[in-house]
Amino acid sequence: MEKIILVDEQDNQIGEIEKLPAHENGGQLHRAFSIFVFNSRGQLLLQERAKTKYHGGGWWTNTCCSHPRVGEKIEESVHRRLVEEMGFDCELKEEFSFIYKATCTNELTEWEFDHVFIGKWDGEVKPNPEEADSFKWVSKAEILKDVKENPDKYSPWFKIALNKVLERV
């Protein structure tokens with residue numbers, strides 16, 4: 001199984017761990033990233049996480065999210081995963097980071113130092129069915145309204161980052 005990077009609260013690497021154990025028994029703090037891609041009309045590209053994923057299957061979330069591999073620069077991993085998950089690549093800029101801890105499905109815990117990247121794309125989207133069951137472009141007003149009315153449909157990290165992301169676009 002793929003290993004991910006354990007970090008301290010300043011994002012200094014302190015170890016490595018396999019992905020699933022990092023999320024068990026209350027979780028361990030690890031490095032992650034979240035990508036938010038907008039089109040030229042200001043709409044945000046959301047993905048519905050594949051129901052077959054080990055946690056959070058069926059949640060709606062930002063365009064792409066994952067963990068950098070051990071020894072991989074985060075600037076490389078965001079582009080690799082965007083292609084692997086959504087079938088395209090675009091320019092991405094890191095805007096901010098934050099730490100959060102949230103209980104997810106299957107008694108797993110996300111405890112992440114999450115780096116947030118924002119990009120722009122107007123081309124074709126070809127999601128990997130192992131990663132995403134569906135996708136949609138939504139306006140800022142639509143997503144804010146739906147998150148407020150249906151918070152359980154969305155991933156915890158998405159709900160935490162959304163307002164800060166929308167302030168920057």
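**Group meeting: pocket, cores and selected loop residues**

Aspartate 11 counts as buried, because its relative accessibility is 15% and the cut-off for buried is under 20%. I start there since aspartate 11 is a loop residue, placed between strand 1 (3-7) and strand 2 (13-18). Its backbone is worth a look as well: phi is near 70 degrees, a positive value in a residue other than glycine. Before going on, please keep in mind that this is a predicted model.

A second residue to set beside aspartate 11 is asparagine 25. Here too phi is positive in a residue other than glycine, near 50 degrees. Asparagine 25 sits in the loop between helix 1 (19-22) and strand 3 (30-38). Is asparagine 25 buried or exposed? With a relative accessibility of 80%, asparagine 25 counts as exposed, because the cut-off for exposed is over 50%.

Stay in that loop for a moment. Histidine 23 is also found between helix 1 and strand 3. Histidine 23 counts as buried, since its relative accessibility is 0%. What does histidine 23 touch, leaving out residues up to four places away in sequence? The list is Ile4, His30, Tyr54, His55, His67, Leu108, Thr109, Glu110 and Glu112. Three of the names on that list are histidines, namely His30, His55 and His67. With glutamate 110 there is also a polar contact, side chain to side chain, at 3.0 Å. For a distance along the chain, take valine 7: it is 16 residues from histidine 23, and the two C-alpha atoms are separated by 14 Å.

Glutamate 110 comes up again with lysine 101, a residue of strand 7. Apart from neighbours within four places in sequence, lysine 101 is in contact with Gly26, Thr109, Glu110 and Trp111. Thr109 and Glu110 are therefore on the contact lists of both lysine 101 and histidine 23, the latter being the residue that counts as buried at 0%. From the side chain of lysine 101, a polar atom lies 3.4 Å from the backbone oxygen of glycine 26. Lysine 101 and proline 156 are 55 residues apart in sequence, but their C-alpha atoms are 8.7 Å apart in space.

Now the pocket. The largest pocket holds about 350 Å³ of space. It is lined by 23 residues, and those closest to its centre are Lys19, Lys53, Ser66, Arg81 and Glu131. Which elements give two or more residues to the lining? They are strand 3, strand 6 (64-66), helix 2 (74-86) and strand 8 (109-120). Helix 2 has the largest share, with 4 residues. Sorted by class, the lining has 13 charged, 6 nonpolar and 4 polar residues.

One of the residues closest to the pocket centre, glutamate 131, deserves its own entry. Glutamate 131 belongs to the loop between strand 8 and strand 9 (132-138). Its relative accessible area is 12%, so glutamate 131 is buried. The side chain of glutamate 131 makes a polar contact of 2.5 Å with the side chain of lysine 53, and Lys53 is likewise among the residues closest to the pocket centre. Beyond four places in sequence, glutamate 131 touches Gln47, Glu48, Arg49, Ala50, Lys53, Arg81 and Glu85.

Next, the nonpolar cores. The largest has 24 residues, and Phe36, Leu44, Leu46, Ile143, Phe158 and Val165 touch the most other members. Two or more residues come from each of strand 3, strand 4 (44-49), strand 7 (92-103), strand 8, helix 3 (140-149) and helix 4 (156-167). Helix 4 gives the largest share, 6 residues. There is also a second, separate core, with 15 residues, including Phe33, Cys64, Cys90 and Ala132.

Back in the largest core, consider isoleucine 143. Leaving aside neighbours within four places in sequence, isoleucine 143 is in contact with Leu46, Val138, Tyr154, Phe158 and Leu162. Two of these contacts, Leu46 and Phe158, are themselves listed among the members that touch the most others.

The last residue is aspartate 152, in the loop between helix 3 and helix 4. Where aspartate 11 was buried at 15%, aspartate 152 counts as exposed, because its relative accessibility is 67%. Aspartate 152 lies 16 residues from lysine 136 in sequence, and 18 Å separate them, C-alpha to C-alpha.

Methods. Residues are numbered from 1 along each chain as its sequence is written. Side-chain values use heavy atoms; hydrogens and water are left out. On a 1 Å grid over the protein atoms alone, a cavity is a set of points where a 1.4 Å probe fits but cannot get out, and a pocket is an open set with protein on both sides within 12 Å along at least five of seven lines; lining residues have an atom within 4 Å of a point. Grid points are joined across faces, edges and corners, and a volume is the space filled by probe spheres set on the points. Ala, Val, Leu, Ile, Met, Phe, Trp, Tyr, Cys and Pro count as nonpolar, Asp, Glu, Lys and Arg as charged, and the others, Gly among them, as polar. Buried means under 20% relative accessible area, exposed over 50%, partly exposed in between (1.4 Å probe, protein chains only). Contact means heavy atoms within 4.5 Å. A polar contact is a pair of N or O atoms within 3.5 Å; within protein, one must be able to donate a hydrogen and the other to accept it, and residues adjacent in sequence count only if both atoms are side-chain atoms. A nonpolar core is a set of buried Ala, Val, Leu, Ile, Met, Phe, Trp, Tyr and Cys residues joined through side-chain atoms within 4.5 Å.
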